[in-house]
Amino acid sequence: MSSAERALLTAVAQYPNLVVAFSGGVDSALLAVAARKALGHHGVHAVTADSASLSKGEADHCATLADEWDIAWSAVLTTEFNDERYIQNTGDRCFWCKSALMDALEPMAKFSGGSVALGVNVDDLGDHRPGQDAARQRGAVFPLVDAGLDKAAVRSVARAWGISVWDRPAMPCLSSRIPYGTNVSVSLVTKIDRAEHALRNLGFGDVRVRHYSDTARIEVPVSQLGKAIHLAEAIETAVKACGYAYVTLDLAGLRSGNLNNALN
């Protein structure tokens, strides 16, 4: 067993019970599996926030993974789209999203005598993540941080444990595709989700559709820019079918969280 594995299991074992906010990505997946290993079947409950900001099919993906790992799972409906502070999409949007998540998860943790745990890793601490502050203020715990795991270590341990999503691209919430200051709505994130699904069907597994009114700015990894240019006509057709008038390709490639640059 590696030092990273030991550190993670030790970090998790200090809690009698964990309600893991489970998105289906590698961070929360590793946290859920670590809790299953350290606390047993009855010591972990994986919960997925099923809202409009979650890409279509992701809740089913989470349910399948939890069943594979013999972990109790459920989905909860969160209410961020009923909160005008979230809808306004200012720089603290994520704060209100995590607040809605904690509203749903706190009663579960209280009932089981445990804590709400988020898959925050060390690398996340240096980014603009007001949602972390909201969760921390409400008593959520970050065992990956306690164990000193960065993203590379998370993927390494997940791979060693045979977790199938160890190399899965990040899937941030759909609202993160909308520039700050543009109101978020269910219809808008649904439109973005449809466009991203269309691009995945063209073979782009890691992709973002950034929304700018009637223009979609497409981001794919730099290594796939050539492929995107080759498939330009198919991309334009697919994305316009989702309601955009114009389709552009960002030649700088995919940069996760790059809309946060507007806050600097």
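**View 1. Asp70, a partly exposed loop residue with a positive phi.** In this predicted model, Asp70 counts as partly exposed because its relative accessibility comes out at 39%. You'll find Asp70 in the loop that runs between α3 (58-68) and β3 (72-76). Check the backbone here: phi of Asp70 is near 60 degrees, which is a positive value in a residue other than glycine.

**View 2. Ser213, in the turn of the β5/β6 hairpin.** Ser213 has a positive phi too, near 55 degrees, and Ser213 isn't a glycine either. Ser213 sits in the loop between β5 and β6. At 56% relative accessibility, Ser213 counts as exposed. The two strands on either side of the turn make a hairpin, with two residues between them.

**View 3. Strand β5 and its partner β6.** Move from the turn into the strands, and the picture is one of antiparallel pairing: β5 and β6 are joined over five bridges. To get your bearings, look for Val209, which stands opposite Ile218 in β6. How enclosed is β5 by the rest of the structure? Largely so, because four of its five residues are buried. Both strands also help to cover a helix: β5 (208-212) and β6 (215-219) are among the elements lying over the buried residues of α9.

**View 4. Helix α9 and what covers it.** Helix α9 covers residues 186-201. Does its length come out as expected or not? At 1.5 Å a residue, the 16 residues of α9 should span 22 Å, and the end C-alpha atoms are 23 Å apart, so the two figures agree. Plenty of side chains to look at here: the buried residues of α9 are Leu188, Val189, Lys191, Ile192, Asp193, Ala195, Glu196, Ala198 and Leu199. Note that Lys191, Asp193 and Glu196 are on that list along with the likes of Leu188 and Val189. Their cover includes α11 (232-240) as well as β5 and β6. After the helix comes Gly203, with a positive phi near 105 degrees.

**View 5. Asp193, a buried acid in α9.** Zoom in on Asp193, which belongs to helix α9. Is Asp193 buried or exposed? Asp193 counts as buried because its relative accessibility is 8%, and the cut-off for buried is under 20%. Leaving out residues up to four places away in sequence, Asp193 touches Ser55, Lys56 and Leu174. For a sense of scale, Asp193 and Arg138 are 55 residues apart in sequence, and their C-alpha atoms are 30 Å apart in space.

**View 6. Arg168, buried in a loop.** Arg168 is found in the loop between α8 (151-160) and α9. Loop or not, Arg168 counts as buried, since its relative accessibility is 18%. Which side chain does Arg168 meet in a polar contact? That would be Glu58, at 2.8 Å. Beyond its neighbours within four places in sequence, Arg168 is also in contact with Gly24, Gly25, His61 and Arg155.

**View 7. Cys94 and Cys173, cysteines without a bond.** If you're hunting for disulfides, a search of the whole structure finds zero. Take Cys94: the closest cysteine sulfur is in Cys173, 5.8 Å away, so that pair is too far for a bond. Cys173 has its own closest cysteine sulfur in Cys97, at 5.5 Å, which is also too far for a bond. Cys94 is partly exposed, with a relative accessible area of 26%. Cys173 is likewise partly exposed, at 26%.

**View 8. Strand β1 alongside β2.** Strand β1 (residues 18-21) sends Leu18 and Val20 one way and Val19 and Ala21 the other, and all of them are buried. Strand β2 (residues 44-49) runs parallel to β1, and four bridges join the two. For a landmark, find Val20, whose bridge partner in β2 is Ala46.

**View 9. Where the two domains meet.** The domain assignment splits the chain into domain 1 (3-161) and domain 2 (174-262). Their C-alpha centres lie 26 Å apart. In the contact, 15 residues come from domain 1 and 17 residues from domain 2.

Key. Residues numbered from 1 in each chain as written. Predicted model: local features only at pLDDT ≥ 70, side-chain atom pairs only at ≥ 80, totals over all residues. Heavy atoms only, no water. Buried < 20%, exposed > 50% of the residue type's maximum accessible area, 1.4 Å probe, protein only. Polar contact = N/O pair within 3.5 Å; in protein donor to acceptor, adjacent residues only side chain to side chain. Contact = heavy atoms within 4.5 Å. Expected span 1.5 Å × (residues − 1). Pairing = 2+ DSSP bridges. Disulfide = S-S within 2.5 Å. Domains from an automatic or database assignment.
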